[in-house]
Amino acid sequence: MEKFTKMTGIVVPMDRANVDTDAIIPKQFLKSIKRSGFGPNLFDEWRYLDHGEPGMDNSQRNINPDFVLNFPRYQGGQILIARKNFGCGSSREHAPWALEDYGFRVIIAPSYADIFFNNSFKNGMLPIILSEALVDQLFNEVEAEEGYRLTVDLEQQAIIKPDGGVIEFEVDEFRKHCLLNGLDDIGLTLQHIDDIKVYEEKRKSEAPWLFK
Amino acid sequence: MAKTLYDKLWQDHVVRMDEDGTALLYIDRHLVHEVTSPQAFEGLRLAGRKPWRVETIMASPDHNVPTTDRSQGISDEVSRIQVETLDQNCDDFGINEFKMDDIRQGIVHVIGPEEGASLPGMTVVCGDSHTSTHGAFGALAFGIGTSEVEHVLATQCLIQKKSRNMLIKVNGSVAEGITGKDIVLAIIGKIGTAGGTGYAIEFGGQAIQELSVEGRMSLCNMAIEAGARAGMVAVDDVTIDYVKGRPYAPDGQDWDKAVAYWKTLHSDEGAIFDAVVEIDACDIQPQVTWGTSPEMVVTVIDKVPDPAAETDPVKQEGMMRALEYMGLQANTPIADIAPDKVFIGSCTNSRIEDLRAAASIAKGRKVADNIKLAMVVPGSGLVKQQAEQEGLDKIFIEAGFEWREPGCSMCLAMNADRLEPGERCASTSNRNFEGRQGQGGRTHLVSPAMAAAAAVTGHFVDIRDLE
């Protein structure tokens, strides 16, 4: 997994609540057996006016000029700000894969769906939770100022605004440690092979039917 | 100290725990389908790893499979490759898979319980959010992402933090014709799609105890639509009777030992929940969603809500967007809405009781002229076989429904079954998101009997008014 330490990027405002994973990456793109290449189809049904299918040349498609991701001022966006319950719906990890492949490394929202939140950390992305009031304030600032950028410093757990203002955020210690060091969960778990085997022996005597 | 059901299930599966509460949780059953597993198997291969306990895995292709004649295979090349990749991965690693031509093939959340592979007291995971279904057995069951699928394959464990406890208590009995689907839609309407975020939900109360195991599965299936990764119901005799004699259920001495353990799987008297929601069962009417989120739900006797009455501006904006997408006017009576298609199926409602309920409405009636397609998609080959033994297929076909092969089908339209732009569907599935059943498609979530009633009358109707 790619490390996440500190980054500065263009902020894109996604002003909708309950953005679901079907919207983030529609089902037809889930047929891929790869982990990459989902970026051009991120938010496909909102981003393009025509119907997208896997294998299409997306540069030839009819883009929706009213969709925020297509605004010239937000090109190259790396930080997405969103409303509550972002990423609700299915467990598809294709959703964070698509966001990451497009170029987003940070999402800022008042709340997330649990599975999406969890999946994001496993792909070197940082989903940050801020209060609705702070998120509102960021929406206002982004929309007021073209080229608005934020710096996100994971080590310091701080968002630095263009005017120098600092917003602190909370992050789970374990997840922070994994992101800062680019650690793979499986490698970490396999350090505990002995514990797993001890558990299995104990469980086998208590609940033998689970081991047949 | 008194424990909740979730506390017990959690505690029995903790392998180790760090000081900050990050735990390694042991997984008993891993269900696998073709969409969320290929990248996990690829990761496993690249690292030179093998499944830790291959016998805990059960696989079946469900999302991409055609529901029409399968003798020619899958015509869509991308779908075909994904199913073949699952077959290859299962063959390579020695995983028990019910392939497309196996009578036991079906939606993973239907076949796990059907085979007795989802048992009380287990941890059950799958790369699919509707894994919460298996909580109906008093199991801890939840959906995971593909990285976690690989993690379970490689280690038999997951890195997890404990959720908070929520009890949703449905007091009293529901009226006749009110199903687990209506109960869960009413709950989501009350607590919202994020109401259960961060919680494991236990459903309790008389109305839940009175549900069949299949009704409990429909209920727990949609816990995720209320934001909770896991939903569950305490074990009782109904659960144990359902499990007994199934192919992968324990037998002999193991059975007795298992039952003794399973009988402890309920919340203790006086257990503390972080949140409690109480609902009166007698208030629950047949539910119909009107918008693009499962929380946008009313009863069949209501009207489409008016955004003008909403005070929260973000909510109001969402309602207006939903009405526009759904092609609906505020204050339209739900009973005046006419679907173009009807879909009976999905991991929520494709089990034998669902098909019986739909068939009881379809019997002796005809699909209305304005309905372009009414389809019934059983959840598994064995459900299909059972339904055919009971003659349900004939009832449906005589009424003008199409009788299909098992799979996820038009719940998410990854195969050829889908809505065209602007088409409206009465659907027994679980999500009414924009584009879920096909780009531009408009979904109304209902119970199986309500879907069948919409098919034969051509509009939504209170099933209790049908004689």
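## Exercises on a predicted two-chain model

B:V376 stands opposite B:W403 in β17 of chain B. That pair is a handy way into this structure, which is a predicted model.

### Exercise 1: Strand β16 of chain B and its neighbours

Task: Find which strands pair with β16(B), and how they run.

Solution. Start with the pair above: B:W403 belongs to β17(B), opposite B:V376. β17(B) covers residues 402–403, and 2 bridges join β16(B) to β17(B), the two running parallel. Now turn to β15(B), residues 341–344: 4 bridges join this strand to β16(B), again in parallel. One residue to look for here is B:M375 of β16(B), the bridge partner of B:F343. Finally, trace the chain from β15(B) to β16(B): the path goes through helix α12(B), residues 352–362, and this β-α-β crossover is right-handed.

### Exercise 2: Two faces of one strand

Task: Sort the residues of β16(B) into a covered and an uncovered face.

Solution. Recall a general rule: side chains in a regular strand alternate between the two faces of the sheet. Then walk along residues 373–376 of chain B: B:A374 and B:V376 make up the covered face, while B:L373 and B:M375 make up the uncovered one.

### Exercise 3: The sheet of chain A

Task: Work out the strand order of the open sheet in chain A and name its edge strands.

Solution. The sheet has 7 strands in the order β4-β3-β2-β1-β5-β6-β7, with mixed pairing. Its edges are β4 (126–129) and β7 (166–168) of chain A, each pairing on one side only. From one strand to the next, the twist averages 30°. For a look inside the sheet, take β1(A), residues 6–14, and β2(A), residues 79–82: they run parallel and are joined by 4 bridges. Here A:V11 stands opposite A:I79 of β2(A).

### Exercise 4: Where the chains meet

Task: Describe the side of chain A that touches chain B, and say which helix gives the largest share.

Solution. First, count the contact: 45 residues of chain A meet 54 residues of chain B. Next, list the helices of chain A that each supply at least two residues to this side; among them are α1 (21–24), α6 (173–181) and α8 (193–206). The largest share, 4 residues, comes from α4(A). By type, the residues on this side of chain A divide into 18 nonpolar, 11 polar and 16 charged.

Last step: is α4(A) largely enclosed or open? Because 8 of its 8 residues are buried, α4(A) is largely enclosed by the rest of the structure. Its buried residues include A:D114, A:F117 and A:F121.

Notes:
Residues numbered from 1 in each chain as written. Chains lettered and ligands numbered in written order. Predicted model: local features only at pLDDT ≥ 70, side-chain atom pairs only at ≥ 80, totals over all residues. Contact = placed C-beta atoms within 7 Å. Nonpolar A, V, L, I, M, F, W, Y, C, P; charged D, E, K, R; others polar. Buried ≥ 20, exposed ≤ 12 C-beta atoms within 10 Å, placed from the backbone. Pairing = 2+ DSSP bridges. Right-handed = clockwise from strand over helix to strand, strands pointing away. Axes fitted to C-alpha atoms, helices over the stretch in contact; angles between N-to-C directions.
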